[in-house]
Structure formats: C-alpha cells, structure tokens
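Dear colleague,

I am handing over the structure we spoke about, and I would be glad if you kept it open while reading the notes below.

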Amino acid sequence: MIEQMVLARHRHFGVSSEQLPGQARLFDEAEVLAQTSTAEQDLATLPPPTVPPAESVQPAKRPARGKRRALSAELERVDVVHDVPETERTCPCGTPMVEIGCDISEQLDIVPMQVRVLRHVRKRYGCPGSLHAPVTAALPPQPLPKSNASADFLAMLLVVKFIDGLPLARFEYVLDRHGVPVPRQTLARWVIGASRLLQPLHNLLRDHLTDGAFIHMDETVVQVLKEDGKTPTSTSYMWVQTGGPPDKPVVLFDYDASRGGAVPVRLLDGYRGYLMTDGYDGYNALAKTDGINHLACWAHVRRRFVEAARVQPKGRRGLADDAVALIGKLYGIEREHKDATEAARLLARQQHSLPALARLRTWLDQTLPGVTPKSALGTALAYLQKYWSRLTRYTERGDLPIDNNRCENAIRPFVIGRKAWLFSDTPAGAHASAVIYSLLQTAKANGVEPYLWLRRVLRELPAATTVNEVEALLPWNFHDTELTTVAGA
C-alpha cells in the first residue's frame, strides 16, 4: 500500500521521461457543432470584393552570411536595402566613393494569414440568333459542392484542428480578426464533409498497412455520448495501427465501442506477419491466429522496473536498478546499430543481444522467488516472466522492433495536452476524427508536409473516378517540392 501511494503521488505530481502523458479523452467539437447546425450553414458570409493590390516583384535571393546558422534556403528572401547617405559617400581625400560590396544579415519574418475569395468565372456562349440554348463552362468538381469553402481553405481548417490542436471556436476568432465571420457550426459541417470525401484514402491505407513485415498496435480511450447500448459516461476506444513497407509507412486510426479481442481480429483480418503490442490480453485472440508471431514491448517492461525503483529508499541501489541497467544494454545495442543494414543488425543481435538476454534471464530466475509478488518489483518481475518468449522474439530478424514506441508516438498527438478534446457526440464524429488523423499522421510519417499534401488531395480527389487516380494521391507519391509547384500555389 505504501508503494502504491508513492507511485500514485509521483504520477500525479512527479516529472518523468518514462511515463507517457495521460491519455486524455477527446472532444470532437466539429461533430457536436455539426449536429446542431443546418444545411444553410454550409455557406460562409464572404466580405465584399476589393481592388487587389499590385503584384510585387520579388528580388533575387541572396546567400546567408555570418556565424549564425543559416535560415532554411527554401524560405522566400525579401531584400531590404539600406544605403549610405549621398553626403557620406565622399572620401576624406576628396574622392567620391564607389560601391565595393555589401554586408548581409538575415531576420526571420512572418506574414499573417491571408484570407481571400476565389471567383470562379464561368464563361457562357450563345447562339446570335437565340435558336439554341447557351453553353456555359463547367465548374470543376469541388470538395464540398454545396459549400463555398475552397480546397485550400479546407486543408488549412483540418491541419490547424487536427495537427495544431486549434479548436474550431478559436479558429472562428482568427477568421473574424481577418474580417471573415465564419460561424463554428459552419466550420464543423465542413470538417465532417471533408472526412466523408477522404474516406477512400483511408480505405486504401488499410490495404497498404499489411504490406510490411510487422504491425504495431495500441488503443486509447475516447468517450462517445450517444453510443447505442452504452451510457454517456462509458468509455469507447480508438485503435491505432502502424505498419506498411519501410518506404510507405502507414498510420491508421479506427474507432470502436469495444476493447474486446474481436476488434483487433476484425481490423487485421487476413494479416500474416509479426504483431507488436503491449501486454494487454485483448490481443491474444489475434496472436493465436495461424501465421501471426506476437512481439511484446520492452519499453513497457522497463517502465515497470523504473516505477519499482522509485519506491526504493532514497540513495540506495536496489534490484530494480539492476533490471533497468540490464535492459539498458539491450537498448544500447539497438542504438549502436540503428542505421545499420538489416543483416548487420541481425548479426549484432545474435552476437550481443542474445548473451545480454541470457544474463537477464538468469538474473530473473534468481530474483523472482525472493520478492513479494504484489510489490512493485514483484509485479514487474512477473510481467517480465509472463511475456519473456514474446520479448525475445525480436532477435529472430534484423528488421523487427524492440518496442511499441512507434505506435505510441503516433497516438501521442491524439491524446496529450489538448483541452479542447474531451468527448465525441456520436460514433460518426469519432469515425470522422479517425479518418482525418490517419491521413495527416501518415503524411507526417512519410516526411510530407501535411498542409501541402492535403491541399493537393482536396484539389484533385473530387475529380478522381478510378482507384488508380485515388491511389496516386497517397502521401508517398509526393515530395514537398512537387506539392509547392502545383498550379495556383
């Protein structure tokens, strides 16, 4: 009981790099606001047209100089020229001075968000004699045909909400400061509509998820108020999977009301390969499927021994410290061969990791009988013994992960520090969040800037009519240079 009290106080007040941030519940304000809005709110009130400013000419870019680290070469450069007054250009000897060079220093500048109105001018042609009906140029397919939100606006809206964590209420204030009063109910309807448009991409990500040698899986809670058969205060779950080929990483979010073992079986139906999870027993049914090899996470093991070390008398080294040090050797081997080839990493695991695991197993067998089972150290030892076969399986190959951190890192933007997210109103809203988070986090995992990619997708997806055309819009098919050169960028 004393150990439990110490750990509870530390979780509440302490600071630790080992403890993951609390998995906060979500509040899908977009879905809640959309439920209370009407179809008329698909249109935002636009400001009256104004005379556009004259197009400025951008001077040539100059290289950075000086001792400070240069700012990114991809940033636009604007020259502000400071000249010597003409009265000071005469040398003390009486000769007029000539320009012999210049000194350049750089400052980071920012231009506030620009809100504008796109006017789609569709030309119309008619018969001079009015014998036949006129012909009007067709409007290209739009992401949300019944709204007046452009593809670029929707991309910004989704990124500031799901990447930057800006609630729709605050984004409403940002737009209002720029003279565009768009109600949050309208923004909410646009978010929900965009998630429906993006659903085909979410479906394709699932196809690519199982193309890799292994999949990470984890789950986190989400409260849904209007879930059939459940009370508003009950918890539902967002399941997260990461996988795919090494050059096409996929992050996939799925909502389900249950945490039962049937959910991962359904989500990974037909998958054969390695599965990395934590010690939750809900994955056991999936792990028993023919062709699936279950891996366990060493980070979860280490975390338990770190907690056991916290309840030891201060200033004294105990058995938990021994376990942390032994596990640290395993991670040290992984760090040393992080950039090595799979063959070199496999060789290192066979030569170094296996002996380290043997020493840890010997220590476990000697220590376990003499420790109280319900103590913090006892539960850590029992956890290590229970999952030993799964924990050591990563040494079978050079490409297998040692822990589930990849999946936990994918969940983190979804669960930490965003007080705007508390719950979802209905399962539809939770599913919409899953679709958008999947796409944006997959874009980040592929090294693609989320806004640039999503802008391209929302411009081209409405006109896509085949699976190949939709497939071509997946994040790994682009580089940022391609995205910035898109027409109208």
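What follows is a short account of what was found in it, from the chain as a whole to one sheet and one pair of helices.

Please bear in mind throughout that this is a predicted model. The protein chain has 489 residues, of which 44% are buried, and its secondary structure comes to 18 helices and seven strands. Among the contacts in the chain with a separation of 6 or more, 69% are between residues 24 or more positions apart.

Turning to the sheet, five strands form an open arrangement in the order β5-β4-β3-β6-β7, and their pairing is mixed. The edges are taken by β5 (250-256) and β7 (292-296), each of which pairs on one side only. Averaged over the sheet, and with direction ignored, neighbouring strands are turned by 25° against each other. As general background, the strands of a sheet pair through backbone hydrogen bonds, either parallel or antiparallel. Here β4 (residues 236-243) and β5 run antiparallel and are joined by seven bridges; if you would like one pair to locate in the viewer, Q241 has L252 in β5 as its bridge partner. Helix α6 (residues 199-209) lies across β3 (214-222), β4 and β5, and the angle at which α6 runs to β5 is about 115°.

The other part to look at is helix α3, which covers residues 151-162 and therefore has 12 residues; from its first C-alpha to its last α3 reaches 16 Å, close to the 16 Å expected at 1.5 Å a residue. The helix is mostly covered, with 11 of its 12 residues buried, and the buried set includes not just hydrocarbon side chains such as L154 and V159 but also D152 and K161.

The partner to examine alongside it is helix α4 (residues 168-177): the axes of α3 and α4 come within 10 Å and cross at roughly 130°. That angle is why α3 counts as oblique to α4, and the crossing in which α3 passes α4 is right-handed. On the α3 side the residues that take part are F153, M156, L157, V160 and K161, and these meet L168, F171 and L175 in α4. Of those α3 residues, F153, L157, V160 and K161 are also listed among the buried ones. In general, an α-helix has 3.6 residues a turn, so residues three or four places apart point the same way, which may be a useful thing to keep in mind when you look along the helix.

With best regards

Terms used
Residues numbered from 1 in each chain as written. Predicted model: local features only at pLDDT ≥ 70, side-chain atom pairs only at ≥ 80, totals over all residues. Heavy atoms only, no water. Pairing = 2+ DSSP bridges. Helix = DSSP H or I, 4+ residues; strand = E, 2+ residues; numbered from the N terminus. Axes fitted to C-alpha atoms, helices over the stretch in contact; angles between N-to-C directions. Contact = heavy atoms within 4.5 Å. Buried < 20%, exposed > 50% of the residue type's maximum accessible area, 1.4 Å probe, protein only. Parallel < 35°, antiparallel > 145°, perpendicular 65-115°, else oblique. Left-handed = near helix turned anticlockwise from the far one by under 90°.
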